[in-house]
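I am opening my notebook for a first look at this structure, and you are welcome to read along. My plan is to look up how some helices cross and what lines the open and closed spaces.

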Amino acid sequence: MPSPPANRETLIRRASLDLTGLLPTPEQVRQFVEDPAPDAWARVVDQLLASPHFGERWGRHWLDLARYADSDGYEKDNARPDAWRYRDWVIDAVNQDLPFDQFTIQQLAGDLLPAADPLQRLATAFHRQTLTNTEGGTDQEEFRVEACFDRTETTGQVWLGLTVGCARCHSHKYEPLTQREYYQLFSVFNNADEATAVVPTSVSEVQAWPALQQTFEKRLAELEAELTTATAARTAEYADWLQSQRALLTSGKLPNKFPEELKAILQRPQDQLTEAQQQALRSFWVRQQKDLKPLAARLDDHLKTRPAKPELTVRVLLQRTQSPRQTFVLHRGEFLNPLTELEVVPAAPAILPALTARTAAAAPDRLDFARWLVSGENPLPPRVTVNHIWARLFGRGLVRTLGDFGVRGEAPSHPELLDWLANRFLQNGQSLKSLHRMLLLSSAWQQSAEQRDAALTVDADNRLLWRMNRRRLTAEELRDAVLSVSGSLDAKMGGPGFYLFALEKTDHSPHYEYHKFDPADPQSHRRSIYRFIVRSQPDPFMTTLDCADSSQSTPRRHETLTPLQALSLLNNRFNLVMSQRFADRLTRDAATDEQRLQLAFQLVSGRAPEAEEVADMLQYASVHGWPALCRLLLNLNEFVFID
């Protein structure tokens, strides 16, 4: 028998964290609890789906699948200063509810779309998240092939829910996938070359740039006119100076401070100088004149403020057009040992619908493959996709092995429901927001998480969905929640990632020193999705809380409960600083101790404290102080878990 609905405080906290990754404010909780309208819940869901924070929350899930990071990996692990632009593309695409078929096609083959725009090319950075080995002496072909292996296996897992990696070396023992079929999929990516493309930094910056440029040019014209007017009557003086400098150059007495590049210009006859060369000499003379120097300095200072064009060079994939590679089955997956008698071209595994090219004269390419994936005829991608969404909203998937729909994975607990959801997903235009809305409005999602003894004896693992599964906040959610209740969260979206470490550059490899970073630094108080992620040296605090390994695609994070997590939440410098800030916020925003405790509970749990809790907590605060009490509240199960 299903459980009754959770109370309203629990529902809005659950929904806010599930859809935006952020805690609801006390005011949002109060408004929903006091709203008697029959559509109150639907309006809450719609508001959360419309929030720009929805893209940050669900973009993070996709970045787990995309193995996103801001460094190369391997031994050198150099920074990738442009990686963040793909992360922002994902967030924007999720917020815009880009249909999942287009979301897929652009990431796998955006460069091959007719008249592909810069953002469609940018989307192919999904497969530029592969590791890059810049160690001296490496065989670059070996690591190019390794990247193609990764692209093949990530695509198989993310869209098909198949663990195709075993077939790299031999025909799969447990799946109907042969080694030849593996290399048919491999050949889809074998002619995708790593390249760069220029893309806009952001839509808002592109829109703002013309006005900034116009303002800059207007002031530049004013300063140039001012300087021109001041020098207009001194043409003869400049000519005399120029003649004297030529004479000094001939006699070898030209001062050492005279720039070398201008000496070369002086050696040429005046009538042979270009306009740029003449301007260089004139500009140098102006800056030697005591009365003109301040005017020139103002011009120089203004030139330093020229607004940079809102463009960025990013890593993308481009289809190889010259000397296309042939693809052969590799003996035991060894790149130096191709079986030249076993050439392959892109094709689908025999268990799935056939992959055909859009032009009969050519073999299928990445665009054909991407369209095949999301055509609706392929039964796996819609089921894999809705299962991912279900798992993140219900704590577990209908198929619990999210990246393995094969015979070695678990069978779906509700196969008819999985089929129905997949069909509805296709009928609704592959809209992820529509799928979320449908699930959150369902009675299944709104159930209480309370356990019932009678149900436990029948279905202790809750495979029959008789209650909501309780889950711990992810590492990012927990860090963001701590920032939020302390009043420190910076909601700025997009842009380069912030550091949670001190970066020390050496002649060999960069060092990422987390213990040297000050958690009070305000630049680090943005949402955790915007942190700079290092592959070789991940953040110890986030890793302790089961953050994804960015070196590989992660369909499902492991959720562990360890003493080390409790110790980190109690003693980590970040939590110590934020506990003090939490206490400062309570002192600032509430007048009495009772009011402070009321506010603290509303921020942490979304509810008011009970009378017994008030007495115990106030006594604790009187003995240990409010920062210690806040530290305790940030370690409550009620804060760390979602009911």
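**Entry 1: a crossing of two helices**

I began with helix 23 and helix 26, whose crossing is right-handed. Keep in mind that what I have on screen is a predicted model. I looked up the geometry next: helix 23 covers residues 573–589, helix 26 covers residues 626–633, and their axes lie 8 Å apart at an angle of about 115 degrees. Angles of 65 to 115 degrees count as roughly perpendicular, so helix 23 is roughly perpendicular to helix 26.

Which residues meet here? From helix 23 I noted L576, S579, Q580, F582, A583 and L586. Their partners in helix 26 are W626, P627, C630, R631 and L633. I sorted the residues of this contact by class and got 8 nonpolar, 2 polar and 1 charged.

**Entry 2: another crossing**

I moved on to helix 4 (residues 53–65) and helix 16 (residues 380–394). Their axes come within 12 Å and cross at roughly 125 degrees. Helix 4 and helix 16 are therefore oblique to each other. I checked the hand of this crossing as well, and it is right-handed.

On the helix 4 side, I found W58, H61 and L65 in the contact. On the helix 16 side, I found H388, I389, R392 and L393. By class, the contact of helix 4 with helix 16 has 4 nonpolar, 2 polar and 1 charged residues.

**Entry 3: the largest cavity**

I then turned to the closed spaces. How many cavities of 30 Å³ or more are there? I count 8 of them.

The largest cavity holds about 190 Å³ of space. Its lining has 15 residues, and W58, W62, L65, I389 and L432 lie nearest its centre. I recognised some names from my last entry: W58, L65 and I389 also take part in the contact of helix 4 with helix 16.

I asked which helices supply at least two residues of this lining. The answer is helix 4, helix 6 (100–109), helix 16 and helix 18 (432–440). Helix 4 has the largest share, with 5 residues. The classes in the lining of the largest cavity are 10 nonpolar, 4 polar and 1 charged.

**Entry 4: the second largest cavity**

The second largest cavity has about 90 Å³ of space. I wrote down its lining in full: G21, E56, R57, R60, T474, E476, E477, D480, R527, S528 and I529. Helix 4 turns up again, and helix 4 and helix 20 (475–485) each give at least two residues to this lining. I counted by class once more, and found 1 nonpolar, 3 polar and 7 charged residues around the second largest cavity.

**Entry 5: the largest pocket**

Next I looked at the open spaces. The largest pocket has a volume of about 620 Å³. I found 28 residues in its lining, with G395, R471, R472, R556 and E559 nearest the centre.

Which elements each supply at least two of these lining residues? I noted helix 4, helix 16 and strand 5 (471–472). Helix 4 gives the most, with 4 residues. The lining of the largest pocket divides into 6 nonpolar, 6 polar and 16 charged residues.

**Entry 6: the second largest pocket**

My last stop was the second largest pocket, with about 500 Å³ of space. It is lined by 24 residues, and I marked R85, D88, D92, S202 and V203 as the closest to its centre.

Helix 5 (84–95), helix 7 (118–123) and helix 10 (203–232) each supply at least two residues of this lining. I looked up the largest share, and 7 residues come from helix 5. In the lining of the second largest pocket I listed 10 nonpolar, 8 polar and 6 charged residues.

**Looking back**

I leafed back through my pages for helix 4. It meets helix 16, gives the most to the lining of the largest pocket and has the largest share of the lining of the largest cavity. Helix 4 also supplies at least two residues around the second largest cavity.

Conventions: Residues are numbered from 1 along each chain as its sequence is written. This is a predicted model: local features need pLDDT of at least 70, side-chain atom pairs count only at pLDDT 80 or more; totals for chains, interfaces and linings use all residues. Side-chain values use heavy atoms; hydrogens and water are left out. Axes are lines fitted to C-alpha atoms, for helices over the stretch in contact, and angles run from 0 to 180 degrees between N-to-C directions. Angles under 35 degrees count as roughly parallel, over 145 as roughly antiparallel, 65 to 115 as roughly perpendicular and the rest as oblique. A crossing is left-handed if the near helix is turned anticlockwise from the far one by less than a right angle, and right-handed if clockwise. Contact means heavy atoms within 4.5 Å. Ala, Val, Leu, Ile, Met, Phe, Trp, Tyr, Cys and Pro count as nonpolar, Asp, Glu, Lys and Arg as charged, and the others, Gly among them, as polar. On a 1 Å grid over the protein atoms alone, a cavity is a set of points where a 1.4 Å probe fits but cannot get out, and a pocket is an open set with protein on both sides within 12 Å along at least five of seven lines; lining residues have an atom within 4 Å of a point. Grid points are joined across faces, edges and corners, and a volume is the space filled by probe spheres set on the points.
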